[in-house]
Amino acid sequence: MDIVLLVKAAIMGIVEGLTEFLPISSTGHLILAGSLLGFDDGKAKVFDIAIQTGAIFAVILVYWQKIRSTVVALPRQRKAQRFALNVLIGFLPAVVLGLLFGKAIKAHLFTPTVVASTFIIGGFIILWAEKRPPGAVRVEHVDDMTPLDALKVGLVQCFAMIPGTSRSGSTIIGGMLLGLSRKAATDFSFFLAIPTLIGAGVYSLYKERALLSVADIPMFAVGLVFSFVSAWLCVRWLLRYISTHSFIPFAWYRIVFGLIVLGTAWSGLVVWAD
């Protein structure tokens, strides 16, 4: 058993769990962390996607009561049926565009320079969204969303296919701009993550199964466990945070971090592997 490899897997799991649901891009942080750790080959890229499942288990645990009540009421309750339909509608754009463009995006955009640039751009978008005059909130609760609301948020989620953009940032900020309350946008972002990230993980494991072997099980297990624990702590904290705070600190974090990556790459202080 390679202890160094397991330590790297644990670090990557923590990075995934802490960044998946914050508007700062988990994929971007994984690309940068993998570059620094020398953990960026083909198998590592599959690992990065697969350990998202650990973070999703954390969301399922936090929202278990809502998920359970929806499943139980699904055969007979209109509200539960509409909620499940909205999640499905929001999920479909990512499936279609992912199948069409996912391979090309991974081949050309999964680089530290692209990630740093989208960090900065995304940060300024969050600043603009948070500082613009507040519009009328049409949707206070996630159960009040219409199928059209779900489709719009699902389309906005597709911007996260560009690494460094942030899936949660796209859906939460996009949802708020579309008239959802901060709480409704955050809740729907989490629910939408369940099919999106599980689907991406299963698809990636199946597609790249030739790269994997039984010997990789400990590495994946460590990554999943650390991803789950750190994501569970992060989601619980974020739900408390959004009740009284904006996302402006995350915007400045993105901008400063992106500039540091670009600055170290330009100066040669850090050699970021593409």
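**Close-up 1. Helices α1 and α11 share a nonpolar patch on the surface of this predicted model.** Both α1 (3-19) and α11 supply at least two residues of the patch. Its members are I14, L18, V225, F226, V229 and L233, and together they have about 490 Å² of accessible area. The largest share, four residues, comes from α11. One of the residues to look for here is L233, which lies in helix α11.

**Close-up 2. Helix α11 also has a buried side.** Start with the helix as a whole: α11 has 25 residues and reaches 35 Å from its first C-alpha to its last, close to the 36 Å expected at 1.5 Å a residue. Buried along α11 are M219, F220, G223, S227, S230, A231, C234, V235, L238 and Y241. As a reminder for reading that list, an α-helix has 3.6 residues a turn, so residues three or four places apart point the same way. And what covers these buried residues? The cover includes α1, α3 (42-50), α4, α10 and α12.

**Close-up 3. The largest nonpolar core takes residues from many helices.** This core has 43 residues, and those with the most contacts inside it are F21, M145, F188, F191 and F247. Two or more residues each are given by α4 (52-62), α6 (78-109), α7 (112-131), α8 (147-157), α9 (167-177), α10 (182-207), α11 (217-241) and α12 (248-267). Which of these elements gives the largest share? That is α10, with nine residues. In soluble globular proteins, nonpolar side chains tend to be buried together.

**Close-up 4. F21 and its surroundings, with a second core for orientation.** If you set aside neighbours within four places in sequence, F21 is in contact with A55, I56, V59, R167, S168, F190, A193, A231, V235 and L238. A second core, separate from the largest one, has 14 residues, including V15, F47, A50 and F220.

**Close-up 5. D143 and K66 meet in a salt bridge.** This is a good place to begin with the charged pairs, for which the count comes to seven salt bridges. The N to O distance between the side chains of D143 and K66 is 2.7 Å. The pair links distant parts of the chain, 77 residues apart: D143 sits in the loop between α7 and α8, and K66 in helix α5 (residues 64-73). D143 is buried, with a relative accessible area of 9%.

**Close-up 6. R182 pairs with E130 across two helices.** Here the side chains meet in a salt bridge at 2.8 Å, N to O. Because R182 lies in helix α10 and E130 in helix α7, the salt bridge ties together parts that are 52 residues apart in sequence. Is E130 buried or exposed? With a relative accessible area of 16%, E130 is buried.

**Close-up 7. D149 and R138 form a salt bridge, shown with a network that includes K66.** The closest N and O atoms of D149 and R138 are 2.8 Å apart. D149 lies in helix α8 and R138 in the loop between α7 and α8, so this pair ties together parts that are eleven residues apart in sequence. The two partners differ in their exposure: D149 is buried, with a relative accessible area of 4%, whereas R138 is partly exposed at 48%. Finally, look for K66, K79 and D143, which are joined into one network by salt bridges that share partners.

Definitions and conventions. Residues are numbered from 1 along each chain as its sequence is written. This is a predicted model: local features need pLDDT of at least 70, side-chain atom pairs count only at pLDDT 80 or more; totals for chains, interfaces and linings use all residues. Side-chain values use heavy atoms; hydrogens and water are left out. A nonpolar core is a set of buried Ala, Val, Leu, Ile, Met, Phe, Trp, Tyr and Cys residues joined through side-chain atoms within 4.5 Å. Buried means under 20% relative accessible area, exposed over 50%, partly exposed in between (1.4 Å probe, protein chains only). Contact means heavy atoms within 4.5 Å. Patches are made of residues with over 30% relative accessible area and no salt bridge: like charges are joined within 9 Å, nonpolar side chains (Val, Leu, Ile, Met, Phe, Trp, Tyr) within 5 Å. Accessible areas come from the Shrake-Rupley method with a 1.4 Å probe; for residues, only the protein chains shown count as cover. A salt bridge is a side-chain nitrogen of Lys or Arg within 4 Å of a carboxyl oxygen of Asp or Glu. The expected span of a helix is 1.5 Å times one less than its number of residues.
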